[in-house]
Amino acid sequence: MGHSGGGFAALSYASTSPSAGRLRGLVLLGTAAHGQDTPDGEVKMMGSAVFSRALRVPWLGRRLLGSTTGAAVDAVVRDVNRQMFAAAAPRVRAEFFRCTRGWDVRGALASVVVPAVVLHGEADKVIDVALARVMAEALPQARLETVPGAGHMLPLERPLLAVGAVAELAAR
């Protein structure tokens, strides 16, 4: 299972690792196989001490990350999202966003023959749902489910959907 950047890692592993044959399925949440070319300004912001301090202020951090969740998300979920983001080291955040530039595994996905469930929030403003569609079409055994009202943080917004997807694949 991989969410967002974790999905990038899962796709890279599934499409290139010699040991990927051990996989029995993939659950991909709010992710893509290409198209995440983060601009310099955003990379710089992710590593900024000012941004990091702002994330530690609850009301301000929730506001800064407000576009990462759907509109109807509970305030507690928004704050958990803020806390997780604030806990990441600034250098790690910046390097992660920088390393996605030019990343594209679409061509290798035809070799990923395990069942895959792709879940993507219809209100995701971080990774466009169109990129999830392209990814799901490139995976030979993928099922795409778009989630009405959900944003990018599916593991927090709709945790039971993620658990259900894992259970679906485990039952096969």
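**Entry 1: helices and strands**

I started by counting elements in this predicted model: the protein chain has nine helices and four strands. I then read along the sequence and wrote down the pattern β-α-β-α-α-α-α-α-β-α-β-α-α. Next I looked up the radius of gyration, which is 16 Å, close to the 16 Å that the globule rule gives for 172 residues, so the chain is as compact as a globular protein of that length. I also noted the span of the C-alpha trace along its principal axes, about 45 × 30 × 25 Å.

**Entry 2: the sheet**

In what order do the four strands stand in the sheet? I found 1-2-3-4, in an open sheet with parallel pairing. Strand 1 (2–3) and strand 4 (142–147) are at the edges with a single partner strand each, so one side of each has no neighbour in the sheet. Then I picked one pair to follow: strand 2 (residues 26–29) and strand 3 (residues 116–121) run parallel and are joined by four bridges. Here I spotted Leu-28 opposite Val-118 of strand 3.

**Entry 3: two helices that meet**

I reminded myself that two packed helices are described by the angle and the distance between their axes. For helix 2 (residues 40–47) and helix 6 (residues 90–99), the axes come within 7 Å and cross at roughly 160°. Since angles over 145 degrees count as roughly antiparallel, that makes helix 2 roughly antiparallel to helix 6. Their crossing is right-handed.

Which residues make the contact? I listed Glu-42, Val-43, Met-46 and Gly-47 from helix 2, and Pro-90, Arg-93, Ala-94, Phe-97 and Arg-98 from helix 6. I sorted these contact residues into five nonpolar, one polar and three charged.

Key:
Residues are numbered from 1 along each chain as its sequence is written. This is a predicted model: local features need pLDDT of at least 70, side-chain atom pairs count only at pLDDT 80 or more; totals for chains, interfaces and linings use all residues. Side-chain values use heavy atoms; hydrogens and water are left out. Axes are lines fitted to C-alpha atoms, for helices over the stretch in contact, and angles run from 0 to 180 degrees between N-to-C directions. Helices (H or I, at least four residues) and strands (E, at least two) are DSSP runs, numbered from the N terminus. Angles under 35 degrees count as roughly parallel, over 145 as roughly antiparallel, 65 to 115 as roughly perpendicular and the rest as oblique. A crossing is left-handed if the near helix is turned anticlockwise from the far one by less than a right angle, and right-handed if clockwise. Contact means heavy atoms within 4.5 Å. Ala, Val, Leu, Ile, Met, Phe, Trp, Tyr, Cys and Pro count as nonpolar, Asp, Glu, Lys and Arg as charged, and the others, Gly among them, as polar. Two strands pair if DSSP finds at least two bridges between them. The radius of gyration is taken over C-alpha atoms; the globule rule is 2.2 Å times the number of residues to the power 0.38.
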